[in-house]
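Thank you all for coming; I would like to walk you through one structure this morning, going from the overall layout to a few individual residues. Please have the sequence and the model open while I talk.

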Amino acid sequence: MASTGAGGAPAVKGLRLITMNKGADGYGFHMYTDKKLQGQYIKSVTKDSPADLCGMITGDHVLAVDGMDCSQETHHQVVDRVRAEPSSGKKVLVIDQQTEQEMQAKGTPINPANAIVMIPRSPPSDETDGGGLSELNMDLKAAIPKNKKKEVKSKKSWADSVAAYNDL
């Protein structure tokens, strides 16, 4: 079964560069220090928060904030980096633990230049279609000539659309 982000969309794994803007309630994630693994890890991600919409997932290892390596910093220092200005365009380099372990086993160095650049998704506007797709589909159906309407099979769910995008 594919893992999902807090909002239920399929999670993108690997080395990822997440760029997010601070929302009214912050960025929407909490970190913890894992002394066994050494470093800062994502403890939780709030559903539909800026962090969730940008692809951050629980368990991610925080490697850098705004281009500054965090691997040897304390929890307090990393939190200060996240809270520091600017609050828009905050860049956080993360990697899921499975990918990190696979890279370490192969001796592959983590290179930020190889990170997947995450594009924030829009929050779903309702639970049924994930963001106004009903209206879009209705407009598209109206634009299709009557003899072609039977070719329109069904609309895709938000999760199906994200999964298709991730498969590109």
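**From one glutamate to the whole fold**

Let me begin with a single residue, Glu73, which lies in the loop between β5 and α2. This is a predicted model, and I would ask you to keep that in mind throughout. Glu73 has a relative accessible area of 18%, and because the cut-off for buried is under 20%, this glutamate counts as buried. Its side chain makes a polar contact, at 2.7 Å, with the side chain of Arg81. If we leave aside the neighbours within four places in sequence, Glu73 is in contact with Gln40, Val78 and Arg81.

Now let me step back to the layout. The protein has five helices and seven strands, and, reading from the N terminus, the elements run β-β-β-α-β-β-α-β-α-β-α-α. Of its 168 residues, 34% count as buried. Among the contacts with a separation of 6 or more, 62% are between residues 24 or more positions apart. On the outside, the protein exposes about 10600 Å², of which carbon and sulfur atoms supply 54%.

What, then, makes up the largest nonpolar core, and which residues have the most contacts inside it? This core has 20 residues, and those with the most contacts inside it are Ile18, Met20, Phe29, Met31, Ile42, Met56 and Val62. Two or more residues are given to it by each of β1 (15-20), β2 (29-33), β3 (40-45), β4 (61-65), α2 (75-83) and β6 (90-95), and the largest share, three residues, comes from α2. Apart from this core lies another one, of seven residues, among them Leu15, Ala64, Leu93 and Ala115. As general background, nonpolar side chains in soluble globular proteins tend to be buried together.

Two methionines show how the larger core is put together. Met20, once its neighbours within four places in sequence are set aside, is in contact with Tyr27, Phe29, Pro50, Ala51, Cys54, Met56, Ser87, Ser88, Gly89, Lys90 and Val92. The other, Met31, is found in strand β2 and counts as buried, at 12% relative accessibility. Not counting residues up to four places away in sequence, Met31 touches Gln40, Tyr41, Ile42, Lys43, Val62, His75, Val78, Val79 and Val82. To take one of these partners, His75 is 44 residues from Met31 along the chain, and the two C-alpha atoms are separated by 7.9 Å.

That list brings us to the helix α2, whose buried residues are Val78, Val79 and Val82. Why do these three line one face of the helix? Seen down the axis of α2, the buried residues fall within an arc of 100°, and so they line one face. What covers them includes β2, β3, β4 and β6.

Since someone at the bench will ask about cysteines, how many disulfides does a search of the whole structure find? The search finds zero disulfides. Cys54 is buried, with a relative accessible area of 4%, and Cys70 is buried as well, with a relative accessible area of 1%.

Finally, a few points about the backbone. Most residues other than glycine have a negative phi, and most peptide bonds are trans. Against that background, the peptide bond from Glu85 to Pro86 is cis, with omega near 0°, and Pro86 is found in the loop between α2 and β6. Asp48, in the loop between β3 and α1 (50-53), has a phi near 60°, a positive value in a residue other than glycine. Is Asp48 buried, partly exposed or exposed? With a relative accessible area of 28%, Asp48 is partly exposed. Asp66, which lies in the loop between β4 and β5 (68-69), also has a positive phi, near 50°, and at 32% relative accessibility Asp66 counts as partly exposed.

To close where we began, I would suggest you look once more at the loop between β5 and α2, where Glu73 lies, and at its side-chain contact with Arg81.

Methods
Residues are numbered from 1 along each chain as its sequence is written. This is a predicted model: local features need pLDDT of at least 70, side-chain atom pairs count only at pLDDT 80 or more; totals for chains, interfaces and linings use all residues. Side-chain values use heavy atoms; hydrogens and water are left out. A nonpolar core is a set of buried Ala, Val, Leu, Ile, Met, Phe, Trp, Tyr and Cys residues joined through side-chain atoms within 4.5 Å. Buried means under 20% relative accessible area, exposed over 50%, partly exposed in between (1.4 Å probe, protein chains only). Helices (H or I, at least four residues) and strands (E, at least two) are DSSP runs, numbered from the N terminus. Contact means heavy atoms within 4.5 Å. The arc is that of the directions from the helix axis to the C-beta atoms. A disulfide is a pair of cysteine sulfur atoms within 2.5 Å. Accessible areas come from the Shrake-Rupley method with a 1.4 Å probe; for residues, only the protein chains shown count as cover. A polar contact is a pair of N or O atoms within 3.5 Å; within protein, one must be able to donate a hydrogen and the other to accept it, and residues adjacent in sequence count only if both atoms are side-chain atoms.
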